Amino acid sequence: MHTVTFLPVGTRVEVSEDLCPYGQYGKAGSVLDIALAHGVGIMRVCGGTGVCGSCRVTVEAGMEDLSEADDDELDRLDQIDGSGPQHRLACQAVVMGDVTVTVPDLLKKPPPPGSSDG
Ligand code: FES
């Protein structure tokens with residue numbers, strides 16, 4: 001059992017690995033999977049397949065408690081200006097401990113890969 005906190009709203013959820021996957025988006029037990037199962041909206045243009053980058057979140061705490069990013073995720077993040085080591089794709093980052101992330105504003109159009117609006 002671990003806790004995931006979603007900022008800026010501050011929604012905090014207790015996650016049981018026994019219940020994952022919750023839904024059908026992203027990797028089982030991913031930040032996106034957990035978020036959508038608890039009413040936290042995160043943009044997911046590609047449906048959680050890791051190709052669009054719209055689900056990028058900022059990891060405020062607990063980066064070590066997320067699965068390691070693979071080369072495909074790192075490549076996708078590299079294509080979005082403003083990405084740094086504090087960013088992950090919510091659909092690819094599987095939660096393994098207590099984590100706090102800031103989710104992008106759903107009303108703000110996601111930056112396309114290669115844009116300067118990161
Ligand atoms: S939903 Fe498209 S990369 Fe995560």
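A residue is called buried here if 20 or more other C-beta atoms lie within 10 Å of its own, exposed if 12 or fewer do, and partly exposed in between. By that yardstick, 38% of the 118 residues of the protein count as buried in this predicted model. The secondary structure comprises 2 helices and 5 strands, and, read from the N terminus, the elements follow the order β-β-α-β-α-β-β. Contacts often bridge long stretches of chain: among those between residues at least 6 apart in sequence, 65% join residues at least 24 apart.

The strands are a good place to begin the tour. An open sheet of 5 strands is arranged in the order β2-β1-β5-β3-β4, and its pairing is mixed. At the edges sit β2 and β4 (87-89), each of which pairs on one side only. From one strand to the next, the twist averages 35°. As general background, strands of a sheet pair through backbone hydrogen bonds, in either a parallel or an antiparallel sense.

Both senses can be found by following the sheet from β2 towards β3. Strand β1 (residues 2-7) pairs with strand β2 (residues 11-15) in the antiparallel sense, over 5 bridges. The hairpin formed by β1 and β2 has 3 residues between the strands, and there G10 takes a positive phi near 95°. On its other side, β1 runs parallel to strand β5 (residues 99-102), to which 4 bridges join it. Residue V4 makes this arrangement easy to see: its bridge partner in β2 is V13, and its bridge partner in β5 is V99. Further along, strand β3 (residues 56-61) is antiparallel to β5, with 3 bridges between them. Here T58 has T102 as its bridge partner in β5.

One residue of β3 deserves a closer look, namely E60. Is E60 buried or exposed? The answer falls in between: E60 is partly exposed because 13 other C-beta atoms lie within 10 Å. Leaving out residues up to four places away in sequence, E60 touches L7, T100, V101 and T102. The C-alpha atoms of E60 and V99 are separated by 7.7 Å, although these residues are 39 apart along the chain.

After β3, the chain enters the loop that leads to α2 (71-78), and L66 lies in this loop. With 19 other C-beta atoms within 10 Å, L66 is therefore partly exposed; the cut-off for a buried residue is 20. Its contacts, apart from neighbours within four places in sequence, are V59, R88, A93, V94, V95, M96 and V99. From L66 to V31 the C-alpha to C-alpha separation is 8.9 Å, with their positions 35 residues apart in sequence counted as the distance apart.

Attention now turns to the interior. In soluble globular proteins, nonpolar side chains tend to be buried together. The largest nonpolar core in this model has 26 residues, and V31, L32, A35, C55 and A90 are those with the most contacts inside it. Two or more residues each come from β1, α1 (31-37), β3 and β5. Which element gives the largest share of this core? That element is α1, with 5 residues. V31 shows how such contacts reach across the chain: not counting residues up to four places away in sequence, V31 touches V4, V57, A90, A93, V95 and V101.

Definitions and conventions:
Residues are numbered from 1 along each chain as its sequence is written. This is a predicted model: local features need pLDDT of at least 70, side-chain atom pairs count only at pLDDT 80 or more; totals for chains, interfaces and linings use all residues. Two strands pair if DSSP finds at least two bridges between them. Two residues are in contact if their C-beta atoms, placed from the backbone, lie within 7 Å. Axes are lines fitted to C-alpha atoms, for helices over the stretch in contact, and angles run from 0 to 180 degrees between N-to-C directions. A nonpolar core is a set of buried Ala, Val, Leu, Ile, Met, Phe, Trp, Tyr and Cys residues joined through C-beta atoms within 7 Å.
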